[in-house]
Amino acid sequence: VPAFALRTASICRRTPHLRQWLAKRSQHSITAEAGANTAPATVPNAATNRILGRWLLGCSGLVVGAVVLGGVTRLTESGLSMVDWHLVREMKPPQTRAEWEAEFAKYRQFPEFKIMNHDMTLPEFKFIFYMEWGHRMWGRLVGLAYVLPTIYFWKKGYFNRSMKGRALGLCGFVFFQGLLGWYMVKSGLEEKPESYDVPRVSQYRLSAHLGSALLLYCASLWTGLTLMVEPHKLANTKRLNQLRRFAKGTVGLVFLTALSGAFVAGLDAGLVYNSFPLMGDRWIPDDLLAFSPTLKNFFENPTTVQFDHRVLAISSLTAITGLYMFSRRMMLPRRAKIAISCLTAMAYAQVALGISTLLLYVPTPLAATHQSGSVALLSLAIWVLAELRKVAK
């Protein structure tokens with residue numbers, strides 16, 4: 001071996017071209033080996049972004065299901081049927097008659113049974129129990145749909161630094177949402193000797209629970225759309241920037257209108273003044289500011305809460321109509337025009353559903369459709385924002 005090495009060195013001194021070739025080959029080998037040791041197994045790219053986008057859109061669909069199921073649970077007055085909260089143990093509903101009797105006995109100790117349902121039978125209790133149990137199990141499904149794929153995608157290297165923060169935020173928000181749901185239910189189980197009203201959950205906690213669900217939905221939908229839908233390369237003109245600001249304000253108004261609906265549901269405010277456009281025989285009812293202090297009316301007076309919801313709904317419809325008319329005078333991509341047209345059509349359908357629900361004294365199927373329509377309207381508004389967003393530099 002030493003003799004071979006000496007002979008090779010002698011040849012290299014006589015042939016500089018061979019010496020250069022051997023040096024380059026050695027350098028490339030070292031670089032390739034270092035790269036193989038340091039390169040990640042997978043890096044985010046267009047394909048992984050599409051996978052993440054589909055995942056988040058699927059999660060947002062599950063959140064919509066939870067919102068709709070929660071609304072039906074509220075409309076059927078089933079939300080207070082489960083008086084305990086256990087993360088795992090309550091996943092199995094009662095099986096035997098003795099277990100059902102024990103669960104029913106616990107329910108009979110709380111105000112809703114004593115005041116409203118004192119003549120309820122066991123089969124009737126089973127119905128409201130299964131409604132609330134289904135809602136809670138759906139919530140657990142939502143949690144698993146966020147957490148398990150997050151762990152998998154993190155290990156596979158699908159997340160960049162920004163997506164890691166977003167994924168952790170979404171997972172944390174799911175856990176917060178579950179705790180907030182139980183905090184809301186507890187408010188309806190408390191004894192209130194000074195109150196003669198029917199037992200119901202706090203409208204403040206109900207609004208917080210719905211609002212956090214809508215925020216989770218919006219964040220998931222927006223992130224999913226931005227990962228899947230390529231942004232349009234639009235010139236940043238003054239009119240386009242005005243349209244973007246207009247669209248953002250409209251989304252905020254739609255969100256606020258949906259949130260005000262939670263106060264309507266929490267106070268059963270849809271059962272007062274079942275006429276439109278007048279409230280009774282007046283545009284502004286006499287008891288609009290009956291509570292003192294004045295600020296209390298906006299959150300606890302059913303008349304004021306319904307009035308506010310009407311005003312916000314008409315304001316949202318007006319803003320969306322204005323957005324549509326403003327966009328018609330601009331050169332926009334076809335997909336953006338379709339999104340704005342769908343938003344406008346849904347806004348008019350949602351107002352028609354709301355008026356019908358009011359005039360017919362809040363029938364459960366129609367009221368549930370109206371609540372679902374608010375989520376559909378919010379979804380279309382976010383789609384419009386995604387189509388109008390700026391291209392990242």
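## Exercises on an all-helix chain

In the protein chain, 77% of the contacts (heavy atoms within 4.5 Å) with a separation of 6 or more join residues 24 or more positions apart. The model is predicted, so local features need pLDDT of at least 70 and side-chain atom pairs count only at pLDDT 80 or more, while totals for chains, interfaces and linings use all residues. Residues are numbered from 1 along each chain as its sequence is written, and side-chain values use heavy atoms, with hydrogens and water left out.

**Exercise 1. Find how many helices and strands the protein chain has.**

Step 1: Helices are DSSP runs of H or I with at least four residues, strands are runs of E with at least two, and both are numbered from the N terminus.
Step 2: Counting gives 13 helices and 0 strands.
Step 3: Reading from the N terminus on, the elements run α-α-α-α-α-α-α-α-α-α-α-α-α.

**Exercise 2. Work out how much of the protein chain is buried and what area it exposes.**

Step 1: Buried means under 20% relative accessible area, exposed over 50%, and partly exposed in between (1.4 Å probe, protein chains only).
Step 2: Of the 393 residues, 41% count as buried.
Step 3: The chain exposes about 21,700 Å², and carbon and sulfur atoms supply 66% of that area. Accessible areas come from the Shrake-Rupley method with a 1.4 Å probe; for residues, only the protein chains shown count as cover.

**Exercise 3. Place Thr304, and decide whether this residue is buried or exposed.**

Step 1: Look in helix H11, residues 302-328, which holds Thr304.
Step 2: Thr304 has a relative accessible area of 1%, so this residue is buried.
Step 3: Leaving aside neighbours within four places in sequence, Thr304 is in contact with Asp287, Leu288, Leu289, Asn297 and Phe298.

**Exercise 4. Locate the cis peptide bonds that lead to Pro277 and Pro293.**

Step 1: Recall that most peptide bonds are trans, and that most residues other than glycine have a negative phi.
Step 2: The bond from Phe276 to Pro277 is cis, with omega near 5 degrees, and the bond from Ser292 to Pro293 is cis with omega near 0 degrees.
Step 3: Pro277 lies in the loop between helix H9 (238-266) and helix H10 (297-300); Pro293 also has its place in the loop between H9 and H10.

**Exercise 5. Describe the setting of Glu77 and of Tyr273, given their phi values.**

Step 1: Glu77 is not a glycine, and its phi is positive, near 55 degrees. Glu77 sits in the loop between helix H3 (46-75) and helix H4 (97-107). Its relative accessible area is 39%, so Glu77 is partly exposed.
Step 2: Tyr273, not a glycine either, has a positive phi of about 55 degrees. Tyr273 is in the loop between H9 and H10, and at 26% relative accessibility Tyr273 counts as partly exposed.
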